[in-house]
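Welcome to the tour. Open your viewer, keep the selection box handy, and follow along one stop at a time.

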Amino acid sequence: MRLHQTLVRVALCTFVSAVCIMACHLAQAQLEEVLNQPTAPALDKTKIDELRAQLAQPVPANATRAFWDERYKTAIQSGDPVARRLVIEQALASLKDESAQKYYFAEKWYLTREFANPIDALALGEQYLQRWPGLSSNYFILARDYLATQNLERAEYWKNKGEALLKPPIPLSLQNSRVKLDIVFAQARGQFEDALKLSKKRVEIADQDAATRKPTDSYYFLMQRSRFYVRLSLSGAYRKAGLLAEARDALADAARVAQELSLGGTEQLNVLTTQGWLDLAAGNFSAALAAMRLSESQLSTLGSPDTSEAAMSSRAAQISALEGLGRFDEAVSIGKKLDGLAGDNALLQKRVGSGMSRAVAFWRTGDIKRAEISIGDAAKSYLERYGPDHYFTLRAQAMLRAIQLQRQPDPLLLAELGTLCTKLLAANSTRDPEAIDQVYRRHIFEAYLKALADSGSRDLTSINTGFQLADAMRESRVGKVVTEAAQRSVAKQTGLGDLVKRQTDLKFALNASYENLAIVMSRSKEERDENVLADLRKTLQAQQTEQLQVEKDIATRYPEFNQLTAGTAVQLTDTIRLLNRSEALISIQPGNDATYVWVVTRDQAPLFYASKLTEADLRERVARLRKTLDVGDIPPSQIPPFDTTTAAEIYRELLAPAQAQLEGRSSLIVNAAGPLGQIPFATLVTGPVTAQGVPWLLRRYAITHMSSIGAFQALRQSSFRTPATHAFIGFGDPQFAADKTVVAQTNGTRAMTQLRAARSDDTAPLLTLRDYARVPPLPETRDEILAIAKALGADTKTDVFFGKAASRTAVLNTPLADIQIIAFSTHGLMSGDLPGLTQPALALAAPDKEGDNPLLLLEDIMSLKLNADWVILSACNTAAADGQASEAISGLGRGFFYAGARALLVTHWAVESESAKELVSGTFKRYGSDKSLSRAEALRRAQLDMIDGKRFSHPFFWAPYALVGDGG
């Protein structure tokens, strides 16, 4: 679990319950274990019982306004909307003065808007304005209610009436209401950047307004409570814009305010449920499940019925989280409970979860009939709402074909599924797919690969489709991070920056239009406003036309940027054309049922086959291998023998079937997904160990790794450039502690264990210099950088940067366009490793000033101008074993490739310094002295020398470095 998400979640749980307060001092795994305990108290039940007892006290005959205000505050703190409604009705019947009537009628309107029928809320709103006209904020509220029903015409009408009543100076509370309306209008139109700016402004206004109120003011508590809700709304605005890290920070701020004000159950539930949805969107399925289960428990404690929207929504979210975790039996069980609660009630049936999620659960538990019915209904609904070419429609239709294909294998169904999958890849979804969407797509794509393998088809079109789907599955998690970083890196560029901003705006606008269309189409024909519907379709058509033109302009004028960000489907024919006759490209995609392999060469038909090993099997075997490789600080004499048996099994299952295809090749380009990204293929064993030694795969081939087929094609298609003339520049041993208070580690192995624990304040969302000082130093990297510099004939006084000099500023300000080899001997970081970090980065020297960024971010890397043959990322776990780090190197690699680098040299585990110096310097001695050697061959020969030299013959010493990119 990523550090930043963990820390924010801990802060939130501090607010939510006593159990979570205790859990603040636990590791994430322990925290989730606590949250999953069915006996864990969600709220202080004793306190709730006390509040309910107060509400049950008889009403005095002469009850005053002060009595009712205090009783209503108690009802709010109890978190029970039914109790609030009862107090409101009693107060309206008891209090006759106009001020009290106005206040409690407004609260009745609010409760109806939040917990009942929105149409009833519209009627109450109009009644309210008939009795108490003249206050602009109420007109704005009614306008928002009409916006929620997609009646923009009536919304504009009530907004204009409210605007006409405004007279300066405008009170802060009225400014707040006005800005909130502007936010809703901006979101309805897809203007999410404007919505974010307005949401931040609204937080400032609410804080100012609350500060001016006195406790004796009848609106004092209401205005204080507003400080919580504006922050909750800001979190929602960030989520709509796809900025999940910022959404978590805003939510943590809302939780802080709620704790400060001692707000009750309703606000606690809002925080917890919002956190659950954020975790679900980000793919933190375990955390999402824990949050939603605790939410369900709290709802029960508060007396909420099982059929309430909140309770059913919580269970529907649990279904998605369980599917993300692969726990399909449990998902089906919850679904059955929801079905029983809904019965024949049409309103409740809408709350039981999407047909997509229900279909996946049925499908993966073998209930094909119910899965087919569920996804068939969803496909019809999406077709009616969005049309035939929308992403949701295509996804549902593809899943339907996949399920039908499992029931009855059929070449025609396989062809139809392939066509739909191809369209799905090309479809512009108008929104950033959330993590659960990637789960659904993977099931669909794997169904195609399995059916294709089972069919034994050698049809090139079908094999090409599978090749495309496998590459898309690898790219899905990294692609969004890379695209966002690329967009930020060009934001200020005239021309491209303008086009990218317009492209982003149109994506959000289309998403908003489709959501509005879905709301209108979900109503019965009698309830639909056909004029509203016609306007929506007209708007959609115009937005789609403009979007296509913007995409065409980017592709034509900025092809390299387009190739980096557009996610264009790869083609086998392009890959074949880019290979030479000595090379073979091997693409491997582990799956739930098998592992799929493509072998591509220049002069033979592509080979496709499946291995019986599943992703789970490979994960277990890779973990077994890494136990003999990633051995930490133990003395060389105690390093366990390498597991040649497992290495031979992986080779036998995945590569041996292609031996005829590989005959005569001298170079392999390996594109391996999942757990296979955590080992260098050089360590695979091609046969039995004999007296002559271990038959390493390295003996046969020079090996290059690639993070994606798209990246390989981009590198090979990049235009020829005049070789750089300056040999080397290196950055190492950065000074992470600005005041040098941290004692440097002196052992030869570089560990990053402390890095993910580097946090001094569990509630602070931003990185501080004090936190950064805890990053473990890397003093031994000086020797490594100096050894490379010496091997390449570089000037160790001007071409190397250590300590404070190894800074982000130095990298950005140093001309790098004429450097052949650039080395970064420092920690490679992934999203979430440090507070506020949302993209891959390299850790460089601490700045002198608090708030300045010490990290070389992915977007910084993309802004560099390089012409480098090599970029060395020599640091702890740059391509590490936790699975997430392979995503970091994929993102960093694409950034460096876009900037102009041709290859990366990265580490798979913490290296031993002396052997690392020998390997790296040996590689560059060969590369520098023999111009005929490829990068991959230079590395191979250096590794073979170490193997044959015996002293460093264990792969722990010679195999940590892998070549990523163009090995030529």
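One cut-off will help along the way: a residue counts as exposed when its relative accessible area is over 50%, and as buried when that value is under 20%. Please also keep in mind that you are looking at a predicted model.

**Stop 1: the whole chain**

Start with everything shown as a cartoon. The protein chain has 41 helices and 14 strands. Of its 968 residues, 57% are buried. If you draw the surface, about 39700 Å² is exposed, and carbon and sulfur atoms supply 52% of that area. For the contact map, take pairs at least 6 apart in sequence: 72% of those contacts join residues at least 24 apart.

**Stop 2: two unusual backbone angles**

Now put the cut-off to use. Select Lys950, in the loop between helix 40 (935-948) and helix 41 (955-958). Is Lys950 buried or exposed? Its relative accessible area is 64%, so Lys950 is exposed. Look at the backbone too: phi of Lys950 is positive, about 70 degrees, although the residue is not a glycine.

For another positive phi outside glycine, go to Asp733, where the angle is near 45 degrees. Asp733 sits in strand 6. With a relative accessibility of 11%, Asp733 counts as buried.

**Stop 3: the strands around strand 8**

Stay with strand 6 (residues 726-734) and add strand 8 to the selection: the two are parallel and share 6 bridges. One pair to label is Phe728 and its bridge partner in strand 8, Ile821.

Strand 8 also pairs with strand 12 (residues 870-873), again in the parallel sense, over 4 bridges. Here Ile822 stands opposite Val871 of strand 12. How many of the 7 residues of strand 8 (residues 819-825) are buried? The count is 6, so strand 8 is largely enclosed by the rest of the structure.

**Stop 4: the nonpolar cores**

Keep Ile822 selected and show its surroundings. Leaving aside residues up to four places away in sequence, Ile822 touches Ile729, Phe731, Leu816, Leu866, Ala868, Trp870, Val871 and Ile872. Ile822 also belongs to the largest nonpolar core, which has 119 residues; Met399, Ile822, Phe824 and Phe896 are the ones that touch the most other members. Which helix gives the most to this core? Select helix 24 (residues 435-455), which contributes 11 residues. A second core of 73 residues is separate, and includes Ala789, Ala936, Ala959 and Leu963.

**Stop 5: a small open sheet**

Next, select strands 9, 10 and 11. They form an open sheet of 3 strands in the order 9-10-11, with antiparallel pairing. Strand 9 (828-829) and strand 11 (855-857) are the edges, each pairing on one side only. Between strand 9 and strand 10 (residues 841-843) there are 2 bridges, and Gly828 has Leu842 of strand 10 as its bridge partner.

**Stop 6: strands 13 and 14**

Move on to strand 13 (residues 903-907), which runs antiparallel to strand 14 and is joined to it by 5 bridges. Label Thr907 and you will find Tyr961 of strand 14 opposite. In strand 14 (residues 961-965), 5 of the 5 residues are buried, so this strand is largely enclosed by the rest of the structure.

**Stop 7: a helix pair and a cis peptide**

Jump back along the sequence to helix 9 (residues 136-148) and helix 10 (residues 152-164). Their axes come within 8 Å and cross at roughly 170 degrees. That angle is why helix 9 counts as roughly antiparallel to helix 10. Side chains to display in this contact include Tyr139, Phe140 and Tyr146 of helix 9, and Leu152, Trp158 and Lys159 of helix 10.

Just past this pair, find the loop between helix 10 and helix 11 (172-188), where Pro169 is located. The peptide bond joining Pro168 and Pro169 is cis, with omega at about -5 degrees.

**Stop 8: a buried serine**

Finish at Ser357, in helix 20 (residues 355-364). The relative accessible area of Ser357 is 3%, so this residue is buried. Apart from residues up to four places away in sequence, Ser357 touches Ile319, Ser320, Glu323 and Tyr440.

Methods:
Residues are numbered from 1 along each chain as its sequence is written. This is a predicted model: local features need pLDDT of at least 70, side-chain atom pairs count only at pLDDT 80 or more; totals for chains, interfaces and linings use all residues. Side-chain values use heavy atoms; hydrogens and water are left out. Buried means under 20% relative accessible area, exposed over 50%, partly exposed in between (1.4 Å probe, protein chains only). Two strands pair if DSSP finds at least two bridges between them. A nonpolar core is a set of buried Ala, Val, Leu, Ile, Met, Phe, Trp, Tyr and Cys residues joined through side-chain atoms within 4.5 Å. Contact means heavy atoms within 4.5 Å. Accessible areas come from the Shrake-Rupley method with a 1.4 Å probe; for residues, only the protein chains shown count as cover. Axes are lines fitted to C-alpha atoms, for helices over the stretch in contact, and angles run from 0 to 180 degrees between N-to-C directions. Angles under 35 degrees count as roughly parallel, over 145 as roughly antiparallel, 65 to 115 as roughly perpendicular and the rest as oblique.
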